[in-house]
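Student: Can we go through this model together? I would like to start with the cysteines and then look at a sheet.

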Amino acid sequence: WPALWSAVWPGAAAAAVFGIDDRMPLPDTLKPLQQSIGVMFNVRARTLCSAFCVASHVVATAGHCLFRTHGETPARLKDFWFARNYDAVKDYSPIAGYQNGSVAQNVLAGATDLSVRPPIAATRDWVLVRLARPVCARRALPVTTLSPAETEREAKAGHVFQISYHRDFTQWRPAYSRPCEVKRDFAGADWSTIARDFAEPELLLLHTCDTGGASSGSPLLLETPSGPKVIGINVGTYVQSKVKVENGRVTQRYTADTIANTGVNAAAFARLIGAFQEAAILTSGPPLRALQERLAQRGLYAGRIDGAYGPGVREAIRAYETAEHLPVTGLATEALLARLDVRKATRASTH
């Protein structure tokens, strides 16, 4: 019985609610948080997700909101905008690089080709987006990382909650999902089964915060003595679909069971936020061509030397960063080019 996962897509009519719908307007004590949360939208593609500030120029959201999932055609990145505290303040920004064609270099994603079949890529369904304007200045939410055991313990104590936009609940006003469970074992799906279904399951947060359309990309928050901190990103819903197989063919499909909502542990992206905010991105042709040449000389890039940043360049950079034990970003930066130049000069001097 294979398990299938599908995200709660913008525009979906159904909400993933567990038991009684606990969503409610923000209590007064949490209303300041709405200044740090907004929506990532693309009018042309009719896409809408929640997103939240993590640095002055950087927001986080679910990766599928920008790239969709495997087999689907992604929307144009230059058409995306972030609207902070949507419909309450007029503080919008496109993605940095929209004017010079370098938008792709200002998006850092866990993956751009997300599998919805086992191994499900839910834990790679995150993205950091650098904005053209500092709309998040002085409004970034602090991000902290917890182990699975720590997260489950905090959830049991009632300290984990969610704030999100929902299409089916007080539209254009963020809602509060009351303290919810985060755990590994659920009715009908123990951890051994779940771990087989997901890539990098150690980064998975299975939770029961009630969600609706447009809630993908919303922050999962931990109440602490110093105020709320982000511990993850809500990205979708985990559904097990049971089928009957006879002679190697599916002969009957049964009603799918919703197990829990899925989130990405902040450990997947937290340490990249600062470097991403400060990175000097290569935007013009000659430096990018030089970077392509250096990567090709190392046998990591086999594409055209054309000064264009695309999937081939991104994957070559990721391969280099992995081999050098660097944070894996796939970003074309001045620092990366300088590092490759130094390594090239060092090798030349030893021959």
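Tutor: The questions below cover disulfides first and strands second. This is a predicted model, in which local features need pLDDT of at least 70, side-chain atom pairs count only at pLDDT 80 or more, and totals for chains, interfaces and linings use all residues. Residues are numbered from 1 along each chain as its sequence is written, and side-chain values use heavy atoms, with hydrogens and water left out.

Student: How many disulfides are there?

Tutor: The count comes to three disulfides, a disulfide being a pair of cysteine sulfur atoms within 2.5 Å.

Student: What does Cys53 pair with?

Tutor: Cys53 forms a disulfide with Cys136, with the sulfur atoms 2.1 Å apart. Cys53 lies in strand S4 and Cys136 in the loop between S9 and helix H2 (148-156), so the bond ties together parts 83 residues apart in sequence. Helices (H or I, at least four residues) and strands (E, at least two) are DSSP runs, numbered from the N terminus.

Student: Is Cys53 buried or exposed?

Tutor: Cys53 is buried, with a relative accessible area of 0%. Buried means under 20% relative accessible area, exposed over 50%, partly exposed in between (1.4 Å probe, protein chains only).

Student: Now the sheet. What is the strand order?

Tutor: The order is S7-S6-S3-S4-S5-S9-S8, an open sheet of seven strands with antiparallel pairing. Two strands pair if DSSP finds at least two bridges between them.

Student: Which strands stand at the edges?

Tutor: Strands S7 (91-94) and S8 (107-109) do; each has a single partner strand, so one side of each is left without a neighbour in the sheet.
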